[in-house]
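Reader: I would like a close look at one strand and its partners, and then at how the rest of the model fits around them. Please keep the criteria explicit.

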Amino acid sequence: TWNSISGATFYRVEIINSTSGSTITATTSSVNNFTTTPSQGNYEFRVRAENSSSFTSWSSRTFAVDQTAPTVPVLIFPADDAFYASAPPSISVDWSNSLDANTDSLEISTDSTFVTGTILQITQSATSSTYSWTGAQGSTTYFWRVRSVDLAGNESNYSSVFKFIIN
């Protein structure tokens with residue numbers, strides 16, 4: 001959407017791939033809006049008003065389309081099948097996240113499929129890939145996994161599922 005120009009008969013719209021320089025869309029519109037869905041990449045959007053005798057200079061903006069999900073986080077600690085003789089006051093949960101992650105979502109559950117039994121579901125900044133959990137109970141098996149989300153809202157797949165056992 002752009003501001004209407006008095007005296008304009010139509011608007012010339014171009015979307016240019018910034019990497020290749022190729023025009024991916026060139027069209028005219030009688031209204032002051034235009035919709036398209038370009039594929040992933042970097043683009044310049046430009047528009048100008050025209051009538052039968054004149055036209056304005058181009059007005060342009062750049063934008064990026066990001067459709068790539070972050071890489072899947074890798075779980076580090078507690079290791080898969082870790083065993084605790086008794087419930088510790090806190091368990092440090094640690095993973096390595098994607099370089100392009102904005103947030104990470106950690107889930108801890110008593111159900112390996114995470115359909116029921118979810119004990120903790122927390123989202124935190126990806127600048128920290130550790131969480132200190134204080135809810136462990138004895139005689140329980142826990143499962144945990146992590147998923148990352150980038151600034152564009154793309155979600156990674158969940159990590160593998162690790163389990164740890166509290167005696």
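Which residue of β3 stands opposite Val13?

Author: The partner of Val13 in β3 is Val47. This is a predicted model, in which local features need pLDDT of at least 70 and side-chain atom pairs count only at pLDDT 80 or more, while totals for chains, interfaces and linings use all residues. Residues are numbered from 1 along each chain as its sequence is written, and side-chain values use heavy atoms, with hydrogens and water left out.

Start with the strand you asked about. Strand β1 covers residues 10–17; helices (H or I, at least four residues) and strands (E, at least two) are DSSP runs, numbered from the N terminus. Six of the eight residues of β1 are buried, which leaves the strand mostly covered. Here buried means under 20% relative accessible area and exposed over 50%, with partly exposed in between (1.4 Å probe, protein chains only).

β1 has two strand partners to consider. With β3 it pairs in the antiparallel sense, over eight bridges; two strands pair if DSSP finds at least two bridges between them. The Val13 and Val47 positions face each other in this pairing. With strand β2 (residues 23–29), β1 again pairs in the antiparallel sense, this time over six bridges. Glu14 of β1 has Ala26 as its bridge partner in β2. The strands β1 and β2 form a hairpin, and five residues lie between them. Gly21, in that turn, has a positive phi of about 80°.

Val13 also belongs to a nonpolar core, but that is easier to place after the principal one. The largest nonpolar core has 17 residues, and Ile91, Leu106, Ile108, Trp133, Trp144 and Phe164 touch the most other members. Two or more residues of this core come from each of β6 (82–84), β7, β8 (103–109), β11 (140–149) and β12 (162–166). Val13 is found elsewhere: with Trp2, Phe45 and Val65, it is among the members of a second, separate core of nine residues. A nonpolar core is a set of buried Ala, Val, Leu, Ile, Met, Phe, Trp, Tyr and Cys residues joined through side-chain atoms within 4.5 Å. In soluble globular proteins, nonpolar side chains tend to be buried together.

Ile91 leads from the larger core into strand β7, residues 91–96. The side chains of β7 alternate: Ile91, Val93 and Trp95 are buried and point to one face, whereas Ser92, Asp94 and Ser96 point to the other face and are not buried. With neighbours within four places in sequence left aside, the contacts of Ile91 (heavy atoms within 4.5 Å) are Pro78, Tyr84, Tyr131, Ser132, Trp133, Ala136, Phe164 and Ile166.

β7 is paired with β5 and with β10. Strand β5 (residues 74–77) joins β7 in the antiparallel sense over three bridges, with Val74 opposite Ser96. Strand β10 (residues 130–133) and β7 are likewise antiparallel, over four bridges, and here Ser92 is opposite Ser132.

Trp95 of β7 reappears in the surroundings of Val146. Val146 sits in strand β11 and counts as buried because its relative accessibility is 0%. Apart from neighbours within four places in sequence, Val146 is in contact with Pro73, Leu75, Trp95, Asp104, Ser105, Leu106, Asn157, Tyr158 and Ser159. Val146 and Glu107 are 39 residues apart along the chain, yet their C-alpha atoms are separated by 6.3 Å.

Some backbone geometry deserves a check in the loops. Most residues other than glycine have a negative phi, and most peptide bonds are trans. The peptide bond from Phe77 to Pro78 is cis, with omega near 0°. Pro78, a contact of Ile91, lies in the loop between β5 and β6.

Phe114 is not a glycine but has a positive phi, near 65°. Its place is the loop between β8 and β9 (118–125), and its relative accessible area of 9% is why Phe114 is classed as buried. Ser139, also not a glycine, has a positive phi of about 55°. Ser139 is in the loop between β10 and β11 and, with a relative accessible area of 69%, is exposed.

To return to your question, β1 is held in antiparallel pairings with β3 and with β2, and its Val13 stands opposite Val47 while being a member of the nine-residue core.
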